[in-house]
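Hi,

Here is the structure I said I would pass on. Have a look at it first, then read my notes underneath.

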Protein chains: 2
Amino acid sequence: MASEVAAPPKSEATPPPPPPPVRENYFAVDVALRVLLFSATLVSLVVMVSSKQTELVILPGVPIRVRVPAKFNHSPAFIYFVAAMAVACLYSIITTLASISVVLKPEYSKKFLLHFAFWDALILGIVASATGAAGGVAYIGLKGNSHTGWMKVCPVYDKFCRHLGSSIAISLLAAVLLVLLSLLSSYSLYLRIRD
Amino acid sequence: MASEVAAPPKSEATPPPPPPPVRENYFAVDVALRVLLFSATLVSLVVMVSSKQTELVILPGVPIRVRVPAKFNHSPAFIYFVAAMAVACLYSIITTLASISVVLKPEYSKKFLLHFAFWDALILGIVASATGAAGGVAYIGLKGNSHTGWMKVCPVYDKFCRHLGSSIAISLLAAVLLVLLSLLSSYSLYLRIRD
C-alpha cells in the first residue's frame with residue numbers, strides 16, 4: 001500500500017492503470033468447499049457412530065438365541081475411520097475460519113494458500129486411507145470371503161450395514177472435496193505468478 | 001536467448017544484472033522423489049503379486065489335509081491394491097519423464113507445476129485408499145475378529161502375510177512421498193509469486 005501511494009507524484013500526469021487484482025475471488029469458493037467438507041465429515045462421523053444394532057442370533061454351542069450387538073468399535077478399521085473423520089471435521093472447522101479470515105483480510109492470502117495446499121494433501125491421505133480401510137472391511141461384511149471362511153454379517157445386521165455403507169460413501173465425497181480443495185489452492189497460487 | 005543477445009547493444013555500458021533465476025532448483029528434488037516413488041510402487045506391486053503360498057490345511061468335512069493356496073486375488077481389497085499400485089507406478093514413470101523434460105527445458109515449468117499439483121493429489125488419494133483397504137483386510141487376516149467370527153489366516157500362511165505386510169508398508173512410504181511431492185509443487189509455485 002505505502003509504495004503505491006508514494007509512486008504517483010513522481011510519474012507522468014496520466015499514470016497507467018495498475019493491473020486489476022483478479023485474485024481474491026477463489027477464497028469464496030474455498031470457504032464453500034470447506035463448509036461442504038465440514039458437513040460431509042460430520043454426517044459421516046454421526047452415521048458411523050450411530051450404527052449400533054442388536055439382533056437375536058444363534059451362536060454355536062448355545063441352545064437359545066442371544067442378543068448380540070454390532071457396533072463400529074468391534075473393528076479396528078472402523079475405529080480408525082471415526083478418528084480420521086473427527087480429525088478431518090476439526091480440520092475443516094479450523095480452515096473454514098482461516099479461509100473466512102483471508103476473505104476479510106487478503107494480505108496474508110499467499111502464506112495461507114501454501115499451508116492449505118500442504119495440509120489439504122495430508123488430510124486427504126488420512127481421509128482416503130480411512131475410507132479404504134472401512135470400505136475393505138465393510139465389503140467383507142457384505143460379501144464374505146469364501147477362501148478364508150469369513151462369513152457375511154450384513155444379512156443379519158441390515159441397519160448396521162446400511163449405516164456403514166452410507167458413512168463410507170459420504171467419506172468418499174469428503175475425499176473428492178479435498179482433492180478439489182488441493183486443486184483450488186494450487187490454481188490460486190498459479191494465478192498469482194506474474195511471469 | 002534471442003532477446004538477451006539483442007538487448008545489450010541498446011542499453012548502457014554497465015547493464016544492471018538481471019535478478020538471479022533461483023527457480024529451477026527444486027525440479028532435481030522432484031525428479032529424485034519421483035524416481036523413489038517409482039521404486040516404492042514397483043517393489044510394493046511385485047511383493048504383493050508374488051505373495052502366493054500353498055499350504056496343507058484341514059478343511060471341515062474333508063478327512064485328509066488338502067493343499068490350499070493363498071493368493072492376493074482372493075480378496076477384492078488386494079486386487080484394488082495391485083491396480084492402484086500399477087496406476088501409481090505408471091504415473092511415476094510418466095511424471096519422472098515430464099519432470100526431467102522440465103529440468104532440460106524450464107520454459108514450461110509453470111504449467112507443469114500446476115498439473116503435478118493436481119495429479120499428485122489424485123494419485124495420493126488412490127494410493128492412500130488402496131493402502132487403507134489392503135491394511136484393513138490384512139489386519140483381519142493377522143488378528144481375526146472375534147465379534148464376527150472371522151478367523152486368523154496368518155498362523156497358517158506366514159509367508160503370504162509377510163509379503164502383504166511388507167507390500168503395505170512400502171505403499172505407505174509411497175503415500176508419504178506423494179504428500180511430499182504435493183508440498184514441493186505448491187512450494188515451487190509459491191516461490192514464483194513476486195508480490
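Below are notes on the contact between the chains, then on the cavity.

This is a predicted model, where local features need pLDDT of at least 70 and side-chain atom pairs count only at pLDDT 80 or more, while totals for chains, interfaces and linings use all residues. Residues are numbered from 1 along each chain as written, chains are lettered from A in the order written, and side-chain values use heavy atoms, without hydrogens or water.

Chain A and chain B bury about 3800 Å² between them, 73% of it on carbon and sulfur atoms (accessible area for a 1.4 Å probe, lost on being put together and summed over both). The contact, meaning heavy atoms within 4.5 Å, takes 38 residues from chain A and 38 residues from chain B. I get zero salt bridges between chain A and chain B (Lys or Arg side-chain nitrogen within 4 Å of an Asp or Glu carboxyl oxygen). On the side of chain A that touches chain B, α4(A) gives the most, with 18 residues (helices are DSSP runs of H or I, at least four residues, numbered from the N terminus).

Now the cavity: the largest has about 30 Å³ of space (on a 1 Å grid, points where a 1.4 Å probe fits but cannot get out; lining residues have an atom within 4 Å of a point). Its lining is Y26(A), F27(A), D30(A), L113(A), L184(A) and S188(A). α2(A) supplies the largest share of that lining, three residues.

Cheers

Terms used: On a 1 Å grid over the protein atoms alone, a cavity is a set of points where a 1.4 Å probe fits but cannot get out, and a pocket is an open set with protein on both sides within 12 Å along at least five of seven lines; lining residues have an atom within 4 Å of a point. Grid points are joined across faces, edges and corners, and a volume is the space filled by probe spheres set on the points. Helices (H or I, at least four residues) and strands (E, at least two) are DSSP runs, numbered from the N terminus. Buried area is the accessible area (1.4 Å probe) that two parts lose on being put together, summed over both.
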